[in-house]
Amino acid sequence: MKNVVVGIHLERDDISAGQAFPIADVWLSALELHDDQPLGDRDLLLRVAKMRAELLEHATFIAVRYGCVVPPLPPVQPHWRATLQKNRDNVEMTLKVAASAPKPRPRREDFTSGAAYLRALHESSAEVDEAFKRAAEKAIDAIEVRWLPRDNASLEMAALVRRDCVDAVRAAATKLKEQFPRIPFLLSGPWPLEAFAE
Amino acid sequence: MADSEEELSLLETLDHLLDRGVVIAGEATISIGDVDLLYLGLNIVLANIDALTRNRR
């Protein structure tokens, strides 16, 4: 059997579903599967997504990007425990915003070096109306926000919010939609610690 | 409407699962039949090319 890792948790009791592995001063949650089960299996992805949601309902954890299999256990980052302690009552919400003027995506075959292609990709990152950005930051009463480029057509605001503020954030997004009816955006969450895990 | 919202929610959930969160080291052994041909210590990530190029920047 093997285990696909779901998250990093502060306490053993935080892991309300799946397997739990002690790793230094934190715990890993994982879903057990047969050795021959491919990670790309659709049903498996859905099971892991469901387990993520169940775990988050129980307690905040650091999300591990899908694909890590244990054993062997991975090396521990020294800041994980402190991050988990600091954000015990917090979750993330995500506001994905369409770019005001999407830029064309560069084509790899037009570049002779990988570095030049990466630079062009970076320069093609989406930009969002500044007034909307300011209004979104003001409306969503977050502990911290980070704007992250997603691709050439969208930008994302990751907001660290208190668990008990999730409904208020949803209400703020509804008002924002009325205020900026022409800017397409999608609010989603709550999510475990993703952007604020580092 | 409800169906499209459900679909959107599922897509967003899968996007977060595949493209967010910390990347921790993993290991893989590539085998053909019962013969282990290559042992790799790597970050095993299932992600799209956009995600990988963003991470390199």
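Start with chain B. Of its 57 residues, 12% count as buried. This is a predicted model, and it scores ipTM 0.78 and pTM 0.78.

**Stop 1: chain B**

Colour chain B by secondary structure. Two helices and two strands appear. Follow the chain along its sequence and the pattern reads α-β-β-α.

Now colour chain B by pLDDT. The mean is 63, and 35% of the residues reach 70 or more. Select helix α1, residues 2–19 of chain B: here confidence is highest in the chain, at a mean of 79. Then select strand β2, residues 35–42 of chain B, where confidence is lowest, at a mean of 51. Move on to residues 40–49 of chain B. pLDDT stays under 50 over this stretch. The model has 26 contacts for it beyond four places in sequence. Where pLDDT is low, the predicted coordinates should not be read in detail.

**Stop 2: chain A as a whole**

Switch to chain A. Five helices and nine strands make up its secondary structure. From the N terminus, trace the order β-β-β-α-β-β-α-β-α-α-β-β-α-β. The C-alpha trace spans about 50 × 50 × 35 Å along its principal axes. Of the 198 residues in chain A, 32% count as buried.

How far apart in sequence are the residues that touch? Take the contacts in chain A between residues at least 6 apart: 73% of them join residues at least 24 apart.

**Stop 3: two domains and a core**

Colour residues 2–79 of chain A as domain 1 and residues 90–191 as domain 2. Their C-alpha centres lie 27 Å apart.

Next, show A:V5, A:I62, A:V64 and A:A159. In the largest nonpolar core, which has 50 residues, these four touch the most other members. Strand β8(A) gives the largest share of this core, five residues. Both domain 1 and domain 2 of chain A contribute residues, so the core lies between them.

Stay on A:V64 and show its contacts beyond four places in sequence. Within chain A they are A:V5, A:V6, A:G7 and A:I8. From chain B come B:G21, B:V22 and B:I24.

**Stop 4: helix α5 of chain A**

Select residues 166–179 of chain A, which form α5. Check its length first. At 1.5 Å a residue, the 14 residues of α5(A) should span 20 Å, and the end C-alpha atoms are 20 Å apart, which agrees.

Which residues of α5(A) are buried? Show A:V169, A:A172 and A:L176. Look down the helix axis: the buried residues of α5(A) fall within an arc of 60°, so they line one face. An α-helix has 3.6 residues a turn, so residues three or four places apart point the same way.

What do these buried residues pack against? Add β6 (90–98), α4 (130–139) and β8 (154–162) of chain A. Then turn to the face of α5(A) pointing away from the buried side. It carries the exposed residues A:D167, A:A171, A:T174, A:K175 and A:E178.

**Stop 5: A:F180**

Step into the loop between α5 and β9 (185–191) of chain A, and pick A:F180. Is A:F180 buried, exposed or partly exposed? It has 16 C-beta neighbours inside 10 Å, so A:F180 counts as partly exposed; 20 or more would make a residue buried, and 12 or fewer exposed.

Beyond four places in sequence, A:F180 is in contact with A:F132 and A:A135. Finish by drawing a distance to A:A30, 150 residues away along the chain. The C-alpha atoms of A:F180 and A:A30 are separated by 41 Å.

How values were computed:
Residues are numbered from 1 along each chain as its sequence is written. Chains are lettered from A and ligands numbered from 1 in the order in which they are written. This is a predicted model: local features need pLDDT of at least 70, side-chain atom pairs count only at pLDDT 80 or more; totals for chains, interfaces and linings use all residues. Helices (H or I, at least four residues) and strands (E, at least two) are DSSP runs, numbered from the N terminus. Two residues are in contact if their C-beta atoms, placed from the backbone, lie within 7 Å. The expected span of a helix is 1.5 Å times one less than its number of residues. The arc is that of the directions from the helix axis to the C-beta atoms. pLDDT is the predictor's confidence in each residue, from 0 to 100. Domain bounds come from an automatic or database domain assignment. A nonpolar core is a set of buried Ala, Val, Leu, Ile, Met, Phe, Trp, Tyr and Cys residues joined through C-beta atoms within 7 Å.
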